[in-house]
Each structure stands twice: as structure tokens, then as C-alpha cells.
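Work through the exercises below with the sequence and the coordinates open. Each task is followed by a solution in steps.

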Amino acid sequence: MKPTFLVLAAGMGSRYGSLKQMDGIGPNKEAIIDYSVYDAIRAGFGKVVFVIRSSFGAEFKEVFSAERFGGKIQVEYVFQELNSGLPVGYAVPEGREKPWGTNHALMMGGTVIAEPFAVINADDFYGQDAIAQMGAYLAALPEGSEGEYAMVGYEVCKTLSENGTVSRGVCTIDGKGYLESIVERTKIERQNGQIVYIEADGTHPLAENTPVSMNLFGFTPDYFRHSTEFFRKFLDDALQSGNLKAEFFIPLLVNKLVSERVAKLKVLHTTSDWFGVTYKEDRPATVQRVLDLIEAGVYPRNLWGK
């Protein structure tokens with residue numbers, strides 16, 4: 001069975017100022033999503049599942065349809081809303097405005113995915129090699145595998161924005177290339193030539209080559225079961241602490257499963273460079289980098305040949 005490609009596209013792009021998932025950055029108005037799906041098709045993925053919001057669902061589905069991709073990959077859509085997937089007896093607390101984060105979004109794919117799958121952010125450009133490596137890893141898993149996860153790691157120095165702080169999963173890796181721990185740092189930037197992450201107690205340095213997660217993960221289907229089980233504890237902790245902005249990040253659950261030896265996660269290395277549009281000011285550089293890849297022959301100028 002071919003692996004599935006799960007695209008987290010429900011974010012409203014609050015820092016970017018618009019629906020950046022649909023912003024055309026290619027020469028024919030191709031979005032970053034288009035290039036990711038193109039890479040997924042040539043990496044052997046059989047289905048793409050988009051996690052979106054009902055508020056822009058009709059517009060999104062009209063643009064990113066199976067016809068757009070030339071029928072080369074099966075397309076499905078699932079929705080992430082504030083109350084999606086809440087356990088029985090739980091309700092959205094008054095004052096909560098946004099859904100519960102990336103792992104909450106990922107959970108929505110459980111209704112249509114029963115095979116190994118990769119997950120990506122819609123607004124990150126991961127590169128052909130990165131997606132090919134993930135596709136090869138997932139395709140090689142024996143049928144019925146559980147707890148055999150993977151992640152593509154990038155050096156933190158190659159994932160920064162010149163226009164503000166970024167959120168990254170900071171990783172520790174053992175001598176055999178498996179993840180030991182991952183911690184979400186929500187404010188990383190370069191200050192006076194030094195990369196730092198910012199917490200309530202001040203700034204902390206990060207080495208230039210520190211491996212970080214850009215949410216390019218690969219999971220076996222058991223991950224949905226673990227997500228549902230742990231979501232209840234996450235909600236209990238958030239509600240008891242009164243933290244109305246708590247986020248159920250993918251690294252939060254990954255770290256738990258790896259530390260408890262429920263799963264192991266192989267860190268894959270890539271020749272691809274990451275880039276993206278965290279902020280609107282990032283857009284010109286992203287457009288140019290796509291053009292550079294086209295000139296280098298990595299992508300055709302007209303991606304879908306229309």
C-alpha cells in the first residue's frame with residue numbers, strides 16, 4: 001500500500017496576514033502546497049489529505065482539487081475546528097479562539113488514513129530530496145508496522161526568518177541516528193550573530209547546527225490511537241491550569257512516546273534546504289528560491305503542464 005501525504009493547511013496565517021497556504025509563489029501562481037504535492041507524487045505517495053477549516057473550505061477545495069493535480073494522486077479533505085475530536089464530556093472553554101495545534105490537526109486525518117503517512121505544514125517548502133527520503137522510508141515499512149516513526153531533520157541555522165521569531169522542535173539525537181528528545185521552542189531568532197530561543201526566564205543559545213524538526217514526520221497508523229489517548233490528558237492539563245492558548249504540538253506527543261519507548265523515531269538527513277513564508281516579508285525571497293530551483297531543472301516552469 002502506498003503511503004499517504006497529510007498536509008496541515010488549517011492555519012489562518014495570522015502572522016502572515018492572509019491565507020498563505022493559497023498564495024501563488026510560482027511563475028504560474030503555484031502555491032508552496034503545489035510543489036509539496038508534486039514532490040509527493042514523484043516520491044510514490046498514493047493519496048494526499050488536506051486538513052482545512054470550514055471557513056475557507058469551499059475556496060480551498062475549488063483550487064486544490066484532484067483535477068488540479070492531473071488525477072495523479074487521490075485527494076481527500078478533513079476539517080479541523082475548535083470542537084473537533086473533543087472527548088465525550090469535554091467542551092471548548094470560554095475564551096478559546098483557535099483549534100488545539102498541529103497534533104490536533106493531524107488527528108483529523110485518522111478518519112481517512114489507515115496506512116503509513118507523512119505529515120507536513122502547508123506553508124513550508126521542504127524540498128524534493130526530503131520528501132523522497134520520507135516516502136522511501138514509509139514505503140519500506142513491513143505491513144502492520146507500529147511505532148516505526150521518522151522525521152527529516154534540518155540545521156536550525158537554515159530555518160530562520162529575517163523578519164521575526166520562528167517556532168521549531170529542537171532535537172537531541174543518539175549515536176545511531178534515533179531521536180532522544182524533542183522540545184518545541186516557540187521563539188527562535190538570531191540576536192547579535194547568535195541563534196537563541198526565548199523563554200520567560202530569558203534567552204538561551206543554540207548551536208548553528210542544532211537539528212530541528214520542521215514538522216516533516218512519518219508515522220504508522222497507531223499514532224492516531226496514541227494521539228486520541230493523550231489528547232484527553234493534554235486537555236485536562238490545559239483546563240486545570242487555565243491556559244487558554246495551550247497547543248497540542250506534534251513534538252509533545254512524539255517526545256512522550258519516544259521517552260517511554262512506545263515508539264522509536266529515525267532522523268533522516270536531507271540535501272534539501274528548507275524555506276518558507278512565516279511572515280509576508282519572507283515572500284520575495286521564497287519566490288526567488290523557487291525560480292532558482294526551476295532554473296536548476298528541479299521543477300518544470302509549468303508545474304502541472306496546463
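Contact here means heavy atoms within 4.5 Å. The model is a predicted one.

**Exercise 1. Locate valine 112 and list what valine 112 touches beyond four places in sequence.**

Step 1. Valine 112 sits in the loop between helix 3 and strand 4.

Step 2. Leaving out residues up to four places away in sequence, valine 112 touches Lys47, Val49, Glu76 and Val78.

Step 3. A separate distance can be checked: the C-alpha atoms of valine 112 and valine 63 are separated by 21 Å, and these residues are 49 residues apart along the chain.

**Exercise 2. Check the length of helix 5 against the expected span, then find where the helix bends.**

Step 1. Helix 5 covers residues 222–241.

Step 2. With 20 residues at 1.5 Å a residue, helix 5 should span 28 Å. The count that enters the product is one less than the number of residues.

Step 3. The end C-alpha atoms of helix 5 are 29 Å apart, which agrees with the expectation.

Step 4. Helix 5 nevertheless has a kink of about 25°, centred on phenylalanine 230.

Step 5. Just after helix 5 comes glycine 242, with a positive phi of about 75°.

**Exercise 3. Describe how helix 5 packs against helix 6, and classify the arrangement.**

Step 1. Helix 6 comprises residues 250–259, and its axis lies 11 Å from that of helix 5, at an angle of about 105°.

Step 2. Angles of 65 to 115 degrees count as roughly perpendicular. The two helices, helix 5 and helix 6, are therefore roughly perpendicular to each other.

Step 3. On the helix 5 side, the contact is made by Tyr223, His226, Ser227, Phe230 and Phe234. Helix 6 contributes Ile250, Leu252, Leu253, Val254, Lys256 and Leu257.

Step 4. By class, the contact residues are eight nonpolar, two polar and one charged.

Step 5. The buried residues of helix 5 include Tyr223, His226, Ser227, Phe230 and Phe234. Besides helix 6, the buried residues of helix 5 pack against helix 3, strand 4, strand 6 and strand 11.

**Exercise 4. Is leucine 252 buried, partly exposed or exposed, and which residues does leucine 252 contact?**

Step 1. Leucine 252 belongs to helix 6.

Step 2. The relative accessible area of leucine 252 is 39%. Buried needs under 20% and exposed over 50%, so leucine 252 is partly exposed.

Step 3. Apart from neighbours within four places in sequence, leucine 252 is in contact with Phe230, Phe234 and Glu247.

Step 4. The C-alpha atoms of leucine 252 and valine 183 are separated by 7.2 Å, with their positions 69 residues apart along the chain taken as the separation.

**Exercise 5. Which residues have a positive phi although they are not glycine, and where do they lie?**

Step 1. Most residues other than glycine have a negative phi.

Step 2. Asparagine 192 has a positive phi of about 55°. Asparagine 192 lies in the loop between strand 8 and strand 9, and is exposed, with a relative accessible area of 85%.

Step 3. Arginine 261 has a positive phi of about 60°. Arginine 261 is in the loop between helix 6 and strand 12, and is exposed at a relative accessible area of 76%.

**Exercise 6. How many of the 11 residues of helix 1 are buried, and what follows the helix?**

Step 1. Nine of the 11 residues of helix 1 are buried, and the helix is mostly covered.

Step 2. Among the buried residues are Ile32, Tyr35 and Asp39.

Step 3. Glycine 44 follows helix 1 and has a positive phi, near 95°.

Definitions and conventions: Residues numbered from 1 in each chain as written. Predicted model: local features only at pLDDT ≥ 70, side-chain atom pairs only at ≥ 80, totals over all residues. Heavy atoms only, no water. Axes fitted to C-alpha atoms, helices over the stretch in contact; angles between N-to-C directions. Parallel < 35°, antiparallel > 145°, perpendicular 65-115°, else oblique. Nonpolar A, V, L, I, M, F, W, Y, C, P; charged D, E, K, R; others polar. Bend = angle between axes of the 7 residues up to and from the residue. Buried < 20%, exposed > 50% of the residue type's maximum accessible area, 1.4 Å probe, protein only.
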